[in-house]
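Let's walk through this one together, starting where the chains meet and then heading inward. Keep the viewer open and follow along.

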There are 2 protein chains.
Amino acid sequence: MDIEEFRKAGYAAIDRICDYYYSLSSLPVKPSVAPGYLSKHIPPALPQTSEPFNEILDDYTKLILPGLTHWQHPSFFGFFPTACTFQGIIADLLTSSTSNPGFNWAVSPACTELEVLMMDWAAGLLGLHKDFFNSSKKGGGTIQTTASDSALTAVVAARSLYARTHPEVPHESLVIYATTQTHSLGLKAGKILGLSVRSIEVDANDGYALRGKALRAALDEDLKNGLHPFILIATVGTTSSGAVDNLPEIKEPKITPPSGSTSTLPGRVLLSPVLNIEKNYTTQRSTKLPHRSAPTFTRQWGLVNFDCSTLWVRDRTLLTEALDITPPFLRSKEGDSGLVIDYRNWHLSLGRRFRSLKLWFVFRSYGAEGFRDYIRRCIDLNTTFQAKLTETTLLELVTTPSLSLSVFRISPNALPPPASSTTSSSPINSSTTSPTNSSPSNEPTLETMNELTKSLYSRLSARSDILLTQTVLNGVFCIRFAVGSERTRVEDINKAVGVMVEEAEVVIREWSKNVDLDSTLTVNGRMG
Amino acid sequence: MDIEEFRKAGYAAIDRICDYYYSLSSLPVKPSVAPGYLSKHIPPALPQTSEPFNEILDDYTKLILPGLTHWQHPSFFGFFPTACTFQGIIADLLTSSTSNPGFNWAVSPACTELEVLMMDWAAGLLGLHKDFFNSSKKGGGTIQTTASDSALTAVVAARSLYARTHPEVPHESLVIYATTQTHSLGLKAGKILGLSVRSIEVDANDGYALRGKALRAALDEDLKNGLHPFILIATVGTTSSGAVDNLPEIKEPKITPPSGSTSTLPGRVLLSPVLNIEKNYTTQRSTKLPHRSAPTFTRQWGLVNFDCSTLWVRDRTLLTEALDITPPFLRSKEGDSGLVIDYRNWHLSLGRRFRSLKLWFVFRSYGAEGFRDYIRRCIDLNTTFQAKLTETTLLELVTTPSLSLSVFRISPNALPPPASSTTSSSPINSSTTSPTNSSPSNEPTLETMNELTKSLYSRLSARSDILLTQTVLNGVFCIRFAVGSERTRVEDINKAVGVMVEEAEVVIREWSKNVDLDSTLTVNGRMG
């Protein structure tokens, strides 16, 4: 393909992307393909000789697009926000066109320099303490591939620090602290590093947030048993329900091992998807932190296309001391002089994409105001959803909505009074507000409610006009509703609630029939 | 930015990429910017409101391009091949446009299905044993971000297997085996995982390849000391010099711990940048491997834009047993049924880019023949380089060139006979062929030769019309010459050798002057 053929093919690809976005809201959110669909259309081996490029582009439209789940669809409410913007797409295009694995300053100065600046722009937008800015020359920020990479890097840095300061402690005694609500990246970091993870139980009454008391109890128990918790993964906005760990209560847990002197938990990492929320935490901590403070990072909830996860640390040597390997072929005079950042020592890999270009394009094209507007709009749309949901008598929130995420289930109040049989199968108490409380005898059991909500989820999952995901909160089966697409508007929220109500009505009707049948067939009513 | 604005901006970006490629060969290979250049042009905080997109694009051309090192430049001979193709750029563009973190089959079936198929296409092209194909349903292939990620994943899988089968062995006794020539990803994996790495010494006479005897000696010593080597990182084509470890000799090292029964080294991983070379290894091994064989992978030396590193394993459960974490919100009926691959359990992160699209576009547009032609052309260009180099009397190869990589230094033969002073500073023996042998008294010392080659490297690094990187082979300072850009042609090789000769002449002339000066000033000649 020569340069003019590329120009033609490039324009054609841009046109196809335009077609895609014009059609997006009329597409099913998720495809109806069956496992193995693509192998019916693609041969088992590559062709020996070149195929025409326009045929390849046609096959993209014909074979790939119908097999995609459309994360940018206005009715995509699953998982977490991954808003993709045209500005980000164009930045990614330019990045690909000069493909280089910019691991050192010297191998592409612009890549490092723009990342240094953009991470300071982002830190400013988030209101981080000045220690986290690259301009502090002490802390700083870097872009990682995913939030999992950011968290793993932070855990590696904390373990490395702990191993340097406690060389006598065996690996098997080290423990990563998280909660039952922490994203699976916590458990995965443990599997990768061969380390234990303690998932501290949290309470529905605390909104599934980690409290100081629970952390204290875990620490006391583990320290008594000779274990060494060395990092706490705290979260602002859990993936499961948006829970916000109680940062003031957990920020400075004192550690007093049976034999040793009191110190603070050496490592802390904060997962946060959101703007400004972190501010309080970091500024509160700033004066009290031990000299070698922990990495902290936020997950991406922005307008920047996957992949782009931002990680900040208060002390950059935590990363470089854990990760710096400099063989002769990677040496450069700029790196040796310490004048520049060589980002390869700030992450686990060697090579890295030029991702700061996306941040630059999006930040400049939206401006701080545009960026904040998007975040506010997601939260506002979730508020609209909550209002609509509580208007229905069929569905209820399981916990307080947080940011752009709501978690709901079928409301026990939605179940009809028991059929007019002589045996009561389960009268409904209309004042159910705390789903995890043990049910009074006249309420449907938790098992019943879980079965009903699972049926609802199953029906919703079978539809192609909405996408939602599930979770389980302390035994309660729930459906998650996350707003994140840049294209979602109020009418999409209304439509979503309409679909939920429609399916919930079917589920409740079916269930009522079965209960009636049960009460006809048996002396003792059965449910669930 | 609405869809029509995007079309306009997209076309403009494509045009800029065309301009870039038209100008590429006339640009300096590397920029002349000083550390901190970009902060002089970019403010310390993002703008409050939106800026026009054409200004942003203009700034890309004005501020970013002049700060890039051009890895696709025909005179880029540094590091390793990263050929970027127009087909790959367009695939990347389409990938960005439907941005989704396709971690499960269900969250974008096309992403998983195409990766499954493309890894089989690639396995076929490389001539891998059928066990490594996804179609085997037992082994399979997956795309990782970088070679470092592939290697780290393989080491994690091997350590996890070893820990499951040897739960009594403390973490501190585990050892990763590599050689002094293994890419720094080996040492970095050790740092990340908190594991020891033994870098086995290799010999210049073996072309810096690992031999069976050296591996045996290391194993005997470590086992006697109660250590547990659990994986060997072997390499076909080291980054430093292109060395190929002696695979037949090292493929089945028996382990006989003092107390236990004989077994084989449980984990092996093969780093290989090249087509077909691996074939012999994998087919030889296929019948003799223990049931739970090791992951193997190849590094990318292809036409597919960064990032794309291919990893194959003979037994996919090695990855899933080490990495599978399935919280409720990531469950899907297709994943639960085992009908599909959920690639999140084959790598360290959760989210992943849709990278198989690049492989599909490049494979179809080049065909197997076109792909092989590119590899052959790189090797042929390196052969041309060797011929030109040996024609000069100033430079010499340090070890046998391998694939598309040559390693050279200033030839001791190039040094003029000592000045006609009464004391001989160091007569030159013209038959120097083995640079690491101890020098006869009439040859320049290794220190002298290293100083001279360092001077040459320093002069070449100061030029903007060529890019080379350095290495050290058992104490010998060398310059690396790696062919990889798709745009490099014979005339670029000729030009490169011309530049090297020009600079080497200066270095030798300067050195000779100093030697003359020395012999004038001192009674006993001094050198280096």
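Across the interface of chain B and chain A there are ten salt bridges, each being a side-chain nitrogen of Lys or Arg within 4 Å of a carboxyl oxygen of Asp or Glu. One to look up is B:D92 with A:R353, whose closest N and O atoms are 3.8 Å apart. Helix α1 of chain B (residues 3–23) supplies the largest share of chain B's side of this interface, 15 residues. By class, that side has 81 nonpolar, 34 polar and 28 charged residues; here Ala, Val, Leu, Ile, Met, Phe, Trp, Tyr, Cys and Pro count as nonpolar, Asp, Glu, Lys and Arg as charged, and the others, Gly among them, as polar.

Before going on, bear in mind that this is a predicted model, where local features need pLDDT of at least 70 and side-chain atom pairs count only at pLDDT 80 or more, while totals for chains, interfaces and linings use all residues. Residues are numbered from 1 along each chain as its sequence is written, chains are lettered from A and ligands numbered from 1 in the order written, and side-chain values use heavy atoms, with hydrogens and water left out.

Now back to A:R353. Within its own chain, A:R353 also forms a salt bridge with A:D92, at 3.7 Å between the closest N and O atoms. That pair links distant parts of the chain, 261 residues apart: A:R353 is in the loop between α11 and α12, and A:D92 is in helix α3. A:R353 counts as buried because its relative accessibility is 6%, and A:D92 is buried at 1% (buried is under 20% relative accessible area, exposed over 50%, partly exposed in between, with a 1.4 Å probe and protein chains only).

A:D307 and A:R355 meet in another salt bridge, 3.2 Å from N to O. They sit 48 residues apart, A:D307 in the loop between β8 and β9 and A:R355 in the loop between α11 and α12 of chain A. Both are buried.

For contrast, try B:D373 and B:R376, a salt bridge at 3.0 Å. These two are three residues apart in helix α12 of chain B, so about one helical turn separates them. B:D373 is partly exposed at 40%, and B:R376 is partly exposed at 42%.

Finally, find strand β1 of chain A (residues 140–144). Five of its five residues are buried, so the strand is largely enclosed by the rest of the structure. A:G140, A:T142 and A:Q144 lie on one side, A:G141 and A:I143 on the other.

Note on methods: Helix = DSSP H or I, 4+ residues; strand = E, 2+ residues; numbered from the N terminus.
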